[in-house]
Amino acid sequence: MKKVENLETIFIATTSIDDQPKVEEELLEKLTQTKNWDGRLLHKYKGFWCPTRLVLPLVSIEKQFQSDYENIIDFIILATLPKSGTTWLKALIFSIINHHDHHQKSQLLTSNPHELIRFDFDIMYKTPPQSSIIFPKIFATHSPYDALPSSIQQSHSKIIYLCRNPLDQFISTRFFVLENNFEGENEPSTIEEALEMFIKGIHPFGPFWKHMLGYWYASLKDPKKVLFLKYEDIKGDTLLYVKKIAEFLGCSFSKEEEENGMIEDIVRICSFEYLKNLEVNKDPSGEFMNVKYSSFFRKGQMGDWANHLTISLAKSFDEFLKEKLGDSGLTFEIFTSTQEHAHDD
Ligand code: PPS
């Protein structure tokens, strides 16, 4: 592996996506499989339910990180469960990292955030067979902490984890899947059936509580390495979190930049309304991994679960969640004060 420039490194591909059918067949045979509520296949890989088409790209990445461990450089990794605010986090981090460089920063106005900071599995997918893989210094992953290449855990890489009220994440996923017809020929399950599977941990990159707790404990163990964030907290005070993220990444804003309103600008340009209404994100031909850009911007609100689930379902979910999170110190406020005392009619 050699360093190309500041933000890019090259790995030489060891497994070609061309070999996928054969290698995948052999590997997948060894893994437990199940179907998600939308009919898509999931395989149990490294302790989590991995969407089947992503298993091989993740295996390849693992191999390359292992073989290049000697030269590993320090990465910046954005980790999330799907539908937890990844697009927002990508926009924020891209803007923060490039805050000194107006030209770079302005790319957010003409590119979808997923094109600016890519997912690990997407990098593998887009690489032509047998060619060098351009692996950027900053990338995103949905993999759980324990499933990250061990060299990442051992290096001085920085990890920013973002999670979200799991009921909102569940609802966001539900609409995303239905909008994009991922279920193919399968009849999608009812929302209640889908929630039951979610509670069993059967969903992409699940179980969700293990995903969150993995990064939570890693952040407690080494807060300089892992920054643990919640969607709801960032919504509550985006400005404060932009500063925190910048400090964590070692690229704080100068006094002058703060006084010139640079942080407010980043907050505004990364806001849901602003990003959603950019021409690039409204363009019906704009797609990322076969998903329309517009599909990454639905409502961007907290508590949307209440428009789709009953209070009693949410209350039993809350009990379940508290039990799973135990005495870890990680908590979520699922209910507003009014909802807490409400009952279904
Ligand atoms: S993905 O497919 O995993 O990358 O999806 P992800 O970006 O994690 O989650 C999509 C949800 O995030 C909302 N969103 C935002 N919220 C706040 N601010 C900004 N800028 C923003 N951009 C996207 C998006 O609307 C999805 O949430 P829901 O609840 O479905 O609206």
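# Helices on sheets in a predicted model

Visitor: At about what angle does helix α3 run to β6?
Guide: In this predicted model, helix α3 (residues 86–97) lies across β6, β8, β9 and β10; helices (H or I, at least four residues) and strands (E, at least two) are DSSP runs, numbered from the N terminus. Angles run from 0 to 180 degrees between N-to-C directions, with axes fitted as lines to C-alpha atoms, for helices over the stretch in contact, and contact means heavy atoms within 4.5 Å. On that scale, the angle of helix α3 to β6 is about 160 degrees.

Visitor: Which strands does helix α12 touch?
Guide: Helix α12 (residues 238–248) packs on the sheet, and its direction makes about 165 degrees with that of β10. The strands touched by helix α12 are β9 and β10.

Visitor: How far can the coordinates be trusted, and over which residues is the pLDDT below 50?
Guide: The protein averages a pLDDT (the predictor's confidence in each residue, from 0 to 100) of 88, and 86% of the residues score at least 70. One stretch with a pLDDT below 50 nevertheless has 43 contacts in the model beyond near neighbours in sequence. Where pLDDT is low, the predicted coordinates should not be read in detail. The stretch in question is residues 1–15.

Visitor: Which strands stand at the edges of the sheet of four strands, and why is one side of each left without a neighbour?
Guide: The open sheet has the order β8-β6-β9-β10 with parallel pairing, where two strands pair if DSSP finds at least two bridges between them. Each edge strand has a single partner strand, so one side of each is left without a neighbour in the sheet. The edge strands are β8 (138–141) and β10 (226–230).

Visitor: Which residue in β9 stands opposite I76?
Guide: Strand β6 (residues 76–80) and strand β9 (residues 158–163) run parallel and are joined by five bridges. Opposite I76 in β9 stands K158.

Visitor: How are neighbouring strands turned against each other, on average, in the sheet of three strands?
Guide: This open sheet has the order β3-β4-β5 and antiparallel pairing. Its edge strands, β3 (33–35) and β5 (48–51), each pair on one side only. With direction ignored, the average turn between neighbouring strands is 40 degrees.

Visitor: Which residue takes a positive phi in the hairpin of β4 and β5?
Guide: β4 and β5 pair in the antiparallel sense over four bridges, and L42 stands opposite P51 in β5. The hairpin has two residues between the strands, and the phi in question is near 50 degrees, although its residue is not a glycine. That residue is K46.

Visitor: What orientation do α8 and α9 have to each other, and why?
Guide: Helix α8 (residues 166–179) and helix α9 (residues 191–199) pack at an angle of about 125 degrees, with their axes 11 Å apart. Angles under 35 degrees count as roughly parallel, over 145 as roughly antiparallel, 65 to 115 as roughly perpendicular and the rest as oblique. The angle therefore makes α8, relative to α9, oblique.

Visitor: Where does the proline of the cis peptide bond lie?
Guide: The cis peptide bond joins G206 and P207, with omega about 0 degrees. P207 lies in the loop between α9 and α10 (208–221).

Visitor: Which conventions apply to numbering, confidence and atoms?
Guide: Residues are numbered from 1 along each chain as its sequence is written, and side-chain values use heavy atoms, with hydrogens and water left out. Local features need a pLDDT of at least 70 and side-chain atom pairs count only at pLDDT 80 or more, whereas totals for chains, interfaces and linings use all residues.
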